[in-house]
Amino acid sequence: MPMGKRELARLERRLITTLTDACETAKSEIKGFTWLTHTADLNALAQTLRVTWVFETLSDRKLAQAGAKARVFELTAIALDEAGIDLEPSDHTVRFDSVEECQRAHDGDWQKRLASRGH
């Protein structure tokens with residue numbers, strides 16, 4: 001049975017809280033990491049959830065993908081679990097991006113960038 005509006009709102013608030021915790025942890029652990037965001041249709045979470053981890057530069061993003069990807073996936077998994085979402089992070093769910101790339105390709109317009117990347 002699908003969740004009602006109230007349950008979906010509660011789920012969204014829990015997810016925001018747990019992802020904020022993951023973000024704060026990552027800021028102190030992962031070089032160049034600045035912030036994260038998520039998009040999802042809460043009625044189809046498994047198919048639509050995208051958590052985008054944003055780094056300052058393209059170089060920082062590439063270093064993180066090479067050396068901190070497991071930690072990013074772990075922090076995402078903890079956040080999802082604490083929010084009560086039974087979903088394993090994957091390359092489909094977790095995205096890496098950078099402020100530098102957004103600035104170059106979308107003039108810093110994150111809404112446009114996230115929409116264009118199939119989020």
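In this predicted model, helix 1, which spans residues 5-29, lies across strand 1 and strand 2 and runs at about 160° to strand 1. A comparable arrangement involves helix 3 (residues 58-67): this helix lies across strand 2 and strand 3, at about 150° to strand 3. Strand 2 thus features in both descriptions, with helix 1 lying across it and helix 3 lying across it as well.

The sheet beneath these descriptions is worth a look in its own right. It is an open sheet of three strands in the order 1-2-3, and its pairing is mixed. Strand 1 (33-39) and strand 3 (94-98) form the edges, each pairing on one side only. From one strand to the next, the twist averages 25°. Strands of a sheet pair through backbone hydrogen bonds, and they may do so in parallel or antiparallel fashion. Here, strand 1 and strand 2 (residues 50-55) run antiparallel and are joined by six bridges. Within this pair, T39 is found opposite R50 of strand 2.

Turning to the helices, helix 1 also packs against helix 4 (residues 69-82), at an angle of about 155° and with the two axes 8 Å apart. Angles over 145 degrees count as roughly antiparallel, and helix 1 and helix 4 are therefore roughly antiparallel to each other. Their crossing is right-handed. On the helix 1 side, the contact is made by L15, T18, L19, A22, T25, A26 and E29, which meet R71, L75, A79, L80 and E82 of helix 4. Sorted by class, this contact comprises seven nonpolar, two polar and three charged residues. The charged residues taking part include E29 from helix 1 and R71 and E82 from helix 4.

Charge pairing can be followed through the salt bridges, of which the structure holds eight. Side chains of opposite charge can pair when their charged atoms come close. One salt bridge links K27 with E24, and the closest N and O atoms of this pair are 3.3 Å apart. Because K27 and E24 are three residues apart in helix 1, about one helical turn separates them.

Definitions and conventions: Residues numbered from 1 in each chain as written. Predicted model: local features only at pLDDT ≥ 70, side-chain atom pairs only at ≥ 80, totals over all residues. Heavy atoms only, no water. Pairing = 2+ DSSP bridges. Helix = DSSP H or I, 4+ residues; strand = E, 2+ residues; numbered from the N terminus. Axes fitted to C-alpha atoms, helices over the stretch in contact; angles between N-to-C directions. Contact = heavy atoms within 4.5 Å. Parallel < 35°, antiparallel > 145°, perpendicular 65-115°, else oblique. Left-handed = near helix turned anticlockwise from the far one by under 90°. Salt bridge = Lys/Arg side-chain N within 4 Å of Asp/Glu carboxyl O.
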